[in-house]
Structures are given as structure tokens and as C-alpha cells.
Amino acid sequence: TRAYLDAIEQARTLNAYVLETPEIALERARGSDERIGKGEAGALEGLPLGVKDLFCTEGVRTTACSKILGDFTPPYESHVTDRMRRAGAVMLGKLNNDEFAMGSSNETSCFGAPVNPWRRTGSDAALVAGGSSGGSAAAVAARLCLGATATDTGGSIRQPAAFTGTVGIKPTYGRCSRWGIVAFASSLDQAGPIARDVRDAAILLGAMAGYDPRDSTSIDREVPDYEAAVGRSVKGLRIGIPREYRVEGMPAEIEQLWTTGAAQLKAAGAEIVDVSLPHTKYALPAYYIVAPAEASSNLARYDGVRYGRRVPGPDITAMYENTRAEGFGSEVRRRIMIGAYVLSAGYYDAYYVRAQKVRTLIRRDFETVFADGIDAILTPATPSAAFGIGEKANASPVEMYLNDVFTVTVNMAGLPGIAVPAGLSGEGLPLALQLIGRPFDEETLFATASVIE
Ligand code: GLN
């Protein structure tokens, strides 16, 4: 714990942590020493970990990296971090993320962007760590924690993991409780770990997952021994390669990475099968209706009365307006406006209802493929390697949204997905592949991902 606290201090320029909690860390580490001494060690006993600032932590400032939450200090602990704490985890601090987890580069955080520890060959330009869990990914990649919690609504665990050469898994919807995690889009949000390798991710997920009656979408189902699945034989597994993911303009090196990954699985005894997910191209537009719709509803609670910051005005309406205008950043305001629009009486059927229908078609695409005996689906994790901080500042928001083209389908269908490092780009940056599994079959993802890493 002390070594990690020192490393964090040395690497503040990475802006990975938005709050360091050294006293809490050392106190918990001492508790771990005692329990280890008594032979009572938990599954995560003494492991120094970071927590995305979207998880409420009891008595510790939680901001979702939004000005509107100000110095909000929750009097309760999220279910996931509580499980980890009870398993002996040592929290080093709170990690940077996009404001309310909206973004793909972590540049919407009110604390500024975290810096990816990787550099292009021969260049000093600072690169994004991905988003929204960029702080978690940067911290793990720079060895500023052993592993970290993250959340994924449309790719926020897998994309930053891909950009930093780390492993990130978004489990099946309902596997981890959302209780005590600041809500973005409740039907898509899931917690999961970002870790150095597949085994660490399996150990962390095992401690994070589990039933919680306080989340009505949490599933009461036994948590398997994920670690036992790491390195398990993939012989005879059928791996689908969805032809619709071969998107136009895909860089040759991503194509190459994908082919190499399939060859590795084949060499390990899996069968590679060409499959079709015909509604793939509608996933991104449908996601960018469903997610903002739910966000506009979830973010209605930030009214200057119940949480954090208040900007006064002559009457209560003015107070709401001032608080929300000053408290929310521009991407969050954009999402609220899109969400309110697609939910409004005149447009509800044309946009929201239609997007929900598309969502059903996307889920059915996967169901059909899995019913045909496919065990997991292999795709690229991202359409490119990490890009420069500020590089897309003048691009249209849609260009940023295109980063999620391979990841959002998984959330729309509620499936588990893992991003695993698979090679380096021509510029020397990490690239990753994604494996998508059947509902609650994270074990097959750990088994197949460990062949590729
Ligand atoms: N980049 C996507 C978005 O901005 C996904 C974010 C996430 O998964 N939290 O909505």
C-alpha cells in the first residue's frame, strides 16, 4: 500500500486520481495485516485498488467528475465497493472519469482528462486514456493500483482498457448491483473491473459480483469461480466472427489483429465460424437515443436541493436553472437535451419507441447466433488506438460516438464482453480484441481471453 501511495504521488501529472485517500488506505492495510496474521484473509485481502468516482463511497467525496455534485459525500457505500471492502480490498483513492460517465475519451471530466501512460513511438504527445473509465485504465496501466473498479454503459470499461493495454470486463447486465453507483442509463449500466491481466480481472469480478435486493435488476444467481476459468481449455468451443463488424474504413492493422486473434483461438482447438448479426449497424444510433433518454430522466434529480451544489436565484425556478446551467458540462447538457427531445410527446414514437424496437432486434441477433451453438463472438474492441488529448476537440460529437461502434451492441443486449490486449499498432500503441459471451457465461470469456493475452 505504501509503495502504491508513493507511486501515486510521483505520477500526479497523469491526473488519474481525483482524490487520494492515503489515511483510509493505510488504516485498511493495517486491518488486512491483522486478518492475515489471524489466518482470516478475504479474497482481496490487502490488495491496493482504485475506485472510479462514480461509485459512492461512505464518508469519501464522490463527484461523478461533475461540478454539480460539488463536495457530495455519501453516507453510504455502493454495493460493489462494499463487497470489495468486506473481501479485504484497500482503497487508494477515487479515479477520474468522464462527467457522469458520458464520453469516450475522459475529456468531459470537470477535473480535466487523465493521461494515457503510453506514447506513440518517437512522440511525446499526451494521449487520452479512453472513456469514460479513463482514470481507472490509466491508473492500472501506470501501476498506480493493482486493479480498479469501472462502469460500462456503452463501452466505458472495454474501450479505456483497449487504449491502455489492460484487461476490462463488462459482465452480464444484473451480475453486479448498480446500487450506490451514480446512474447514467440504468438499463445499460454495469460495473466491472479493469485489471493488468485476465486472471486479475477474474479475481476482481468474483468479489464484485453477487445478488443485491436493493437493485431490482440484480440477479440472484451463484457467482462461479471465475479464476478457475482462466487458462481453461477452449478445445471444441465455437467462436463466431460477425461479418457486420467488418465496418467500412476499418484500418488494416485492426483487421490484421482480428485475424491473428482468430488464428490463436483456432490453434488452441476452437472452431472459427462466420456468423451474421444483421442489425449491428443500427446499434450506435439506437444507443444514442436510449442512453440520453434514460440519462435525462436520471439527471432530473440534480436540482440544487437534494445533492451537492446550489446556485441561488430570485425564485426556485431560477435556482434550478442556474444550478443546472453552471453544474453540468456541455456534453451532459447535450445528452439531457437529446433525451428530453426523444421522450417528448411529439417524438416519443418516432425515436424512443423505435430505438427500443431496434434494441430488441439486436438482442435477437445474438440469441439466434448463440442458439446455433456459438459459444463466444470475437470482434475488435475499438476502431483505432488511443488518440491525442484535444485531437478531437473540434470534431463533431458523432465522431466521438463512433468510438463505441463495437462495444454498444453488448450493452443493448445485456451480454458480457471482455477487452483483452492483442497487439500493438504501427505507432506502438496497444490494440485490443473483444470477446462477447452468452448471458452469465463470463467463464468462457475468461477462458478465451487468456488464449489471446
Ligand atoms: N462512450 C459512451 C457514451 O458516451 C459510453 C459511455 C459509457 O459506457 N459510460 O455514452
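## Guided tour of the predicted model

Begin by colouring the two assigned domains: domain 1 spans residues 2-229, and domain 2 spans residues 285-348. The coordinates belong to a predicted model. Placing a marker at each C-alpha centre shows domain 1 and domain 2 to be 26 Å apart. Next, select the contact between them, to which domain 1 contributes 20 residues and domain 2 contributes 18 residues. On the domain 1 side, the residues touching domain 2 comprise 10 nonpolar, eight polar and two charged ones.

**The whole protein**

Zoom out to view the complete protein. A box of roughly 65 × 65 × 50 Å along the principal axes holds its C-alpha atoms. For 453 residues, a compact globule would be expected to have a radius of gyration near 22 Å, and the value for this protein, 21 Å, agrees with that. In cartoon representation, 15 helices and 13 strands can be displayed.

**The sheet**

Now select the strands of the open sheet. Eleven of them follow one another in the order β1-β3-β2-β6-β8-β7-β12-β13-β11-β9-β10, and the pairing is mixed. At the edges are β1 (17-20) and β10 (271-275), each of which pairs on one side only. Looking across the sheet, one finds an average twist of 30 degrees from one strand to the next.

For a detail within the sheet, select residues 167-170 and residues 190-195. These are strands β7 and β8, which run antiparallel and are joined by two bridges. Display Gly168, and Ile194 in β8 will be found opposite.

**Two helices on the sheet**

Add helix α6, residues 198-208. Helix α6 packs on the sheet and touches β6 (147-152), β7, β8 and β12 (417-424). The direction of helix α6 makes about 145 degrees with that of β8.

Then move to helix α8, residues 252-267. Helix α8 lies across β9 (238-242), β10, β11 (376-380), β12 and β13 (430-437). Relative to β11, helix α8 runs at about 150 degrees. Strand β12 thus appears in both selections, being touched by helix α6 and crossed by helix α8.

**The ligand shell**

Finish at the ligand. Which residues come nearest to the ligand? Of the 13 residues around it, these are Ala101, Ser104, Thr153, Gly154 and Ser156. Colouring the shell by class gives four nonpolar, seven polar and two charged residues.

Methods
Residues numbered from 1 in each chain as written. Predicted model: local features only at pLDDT ≥ 70, side-chain atom pairs only at ≥ 80, totals over all residues. Domains from an automatic or database assignment. Contact = placed C-beta atoms within 7 Å. Nonpolar A, V, L, I, M, F, W, Y, C, P; charged D, E, K, R; others polar. Near = placed C-beta within 6 Å. Pairing = 2+ DSSP bridges. Helix = DSSP H or I, 4+ residues; strand = E, 2+ residues; numbered from the N terminus. Axes fitted to C-alpha atoms, helices over the stretch in contact; angles between N-to-C directions. Rg over C-alpha atoms; globule rule 2.2 N^0.38 Å.
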